[in-house]
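The following account leads the reader through a protein model, beginning with a single residue and proceeding to the sheet and its helices. Please consult the sequence and the structure while reading.

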Amino acid sequence: MILDRIEQLLQEVQNLKAESEQEVEQLRLKYLSRKGEISLLMNDFREVPAEQKKEVGMKINQLKQMATEQINMLREKCQAGGNASDHCCHTDLTRTPYPIGLGTRHPLSIVTNEIIDIFSRMGFVLADGPEVEDDLHVFTKMNFAADHPARDMQDTFFVSQHPNDVTKNILLRSHTSSVQARVMERMHNAEGKLTSPIRVICPGRVYRNEAITARAHCFFHQVEGLYIDKDVSFTDLKQVLLSFAREMFGPETKIRLRPSYFPFTEPSAEMDISCFICGGKGCGFCKHTGWVEILGCGMVDPNVLEQCGIDPNIYSGYAFGMGVERITNLKYRVSDLRMFSENDTRFLQEFQSA
């Protein structure tokens with residue numbers, strides 16, 4: 001009888017086993033193909049008496065559903081690399097996940113680490129400080145006048161303000177010079193003499209109240225350097241910056257220093273490097289000047305030394321600062337600053353081998 005045949009096939013389907021995808025496919029052909037066992041049952045279904053058709057039809061549907069589920073399960077186990085004859089799911093915790101997503105260093109991290117490495121080989125050590133700072137270290141000790149525009153809300157993110165005493169203002173630091181101020185405070189004795197020469201490099205994130213565009217952002221990254229000792233000269237500064245430029249952009253790189261103004265240095269200068277794309281001949285990248293600006297620098301103003309407790313009659317020093325995004329743009333020609341903070345994995349994967 002057809003019901004006996006269905007019961008026999010149900011027993012077979014419940015005990016199906018396969019060791020490979022080829023064996024699974026053979027089972028599918030045997031039971032579920034047009035000429036398979038279940039299709040043959042459908043042909044015999046026509047001869048079933050009318051009063052038994054409902055019962056037999058339900059049994060055939062049950063058989064077809066069970067066969068489909070068993071064969072799909074065997075196929076999944078074979079594709080996963082497991083033993084398809086084993087109906088228990090065993091997870092191999094030592095197996096490496098696939099596909100493997102390889103992480104990449106962020107381009108700003110790549111460039112920051114390269115800058116730190118170059119100056120570390122010149123004897124500079126890392127220094128760090130808080131991003132939420134007070135006015136005293138961000139502005140006052142850096143020789144900013146009380147009415148300097150940088151103190152205004154147009155440029156600075158204030159956490160809290162004290163109109164009667166600006167030195168008590170709390171803000172997000174607008175430059176990493178505040179780290180230099182804290183280092184200078186720690187490195188002298190009561191007589192204003194240094195306990196040891198200061199030679200530090202200060203990388204970090206800074207904040208300014210600016211509109212976010214392709215060329216500007218409300219936060220970015222800086223690396224600033226400071227060297228203070230006896231008899232430090234502008235020549236020392238120039239040689240250090242020349243060495244840095246050649247390490248960073250190539251041995252043929254030239255530099256030039258243009259007079260400028262910063263509250264915390266005197267004299268002050270902005271440094272350009274010869275365009276490494278056209279070799280200084282002039283191109284669209286350097287606006288046909290042959291030069292590209294990369295940083296600001298100068299000799300530490302005596303007022304800054306005095307504010308930080310160091311005797312300016314004994315000591316002198318130089319300082320410099322550069323934007324990491326600026327250097328990264330020069331090296332990798334990233335035209336939109338917003339790309340650095342949008343976490344677009346397609347952009348980040350371009351630096352996978354860097």
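Is N143 buried, partly exposed or exposed? In this predicted model, N143 has a relative accessible area of 25%. Buried residues fall under 20% and exposed residues over 50%, so N143 counts as partly exposed. N143 is placed in the loop between helix 6 (135-138) and strand 3 (158-160). Its backbone deserves attention as well: the phi of N143 is near 70°, a positive value in a residue other than glycine.

Most residues other than glycine have a negative phi, and most peptide bonds are trans. H288 is another residue with a positive phi, of about 60°, although it is not a glycine. H288 belongs to the loop between strand 8 and strand 9, and its relative accessibility of 61% makes it exposed. The loop between strand 8 (265-274) and strand 9 (291-300) also holds G279, which is exposed at a relative accessible area of 62%. From G279 to L40 the C-alpha distance is 82 Å, and the two residues are 239 apart in sequence. In strand 8 itself lies P267, which is joined to E266 by a cis peptide bond with omega about 0°.

Strand 8 leads to the sheet. Here 7 strands form an open sheet of mixed pairing, in the order 1-5-6-10-9-8-7. Its edges are strand 1 (125-126) and strand 7 (255-262), each of which pairs on one side only. At one of these edges, strand 1 runs parallel to strand 5 (residues 198-207), and 2 bridges join them. L126 stands opposite I201 of strand 5.

Two helices lie across strands of this sheet. Helix 7 (residues 177-186) lies across strand 5, strand 6 (219-229) and strand 10 (316-323), at about 30° to strand 6. Helix 8 (residues 234-249) lies across strand 7, strand 8, strand 9 and strand 10, and runs at about 150° to strand 9.

A further contact involves two other helices. The axes of helix 5 (residues 107-120) and helix 10 (residues 324-332) come within 9 Å and cross at roughly 100°. Helix 5 is therefore roughly perpendicular to helix 10. By class, their contact has 8 nonpolar, 2 polar and 3 charged residues. On the helix 5 side the residues are P107, L108, I110, V111, T112, E114 and I115; they meet V324, E325, I327, T328, K331 and Y332 in helix 10.

Notes: Residues are numbered from 1 along each chain as its sequence is written. This is a predicted model: local features need pLDDT of at least 70, side-chain atom pairs count only at pLDDT 80 or more; totals for chains, interfaces and linings use all residues. Side-chain values use heavy atoms; hydrogens and water are left out. Helices (H or I, at least four residues) and strands (E, at least two) are DSSP runs, numbered from the N terminus. Buried means under 20% relative accessible area, exposed over 50%, partly exposed in between (1.4 Å probe, protein chains only). Axes are lines fitted to C-alpha atoms, for helices over the stretch in contact, and angles run from 0 to 180 degrees between N-to-C directions. Angles under 35 degrees count as roughly parallel, over 145 as roughly antiparallel, 65 to 115 as roughly perpendicular and the rest as oblique. Contact means heavy atoms within 4.5 Å. Ala, Val, Leu, Ile, Met, Phe, Trp, Tyr, Cys and Pro count as nonpolar, Asp, Glu, Lys and Arg as charged, and the others, Gly among them, as polar. Two strands pair if DSSP finds at least two bridges between them.
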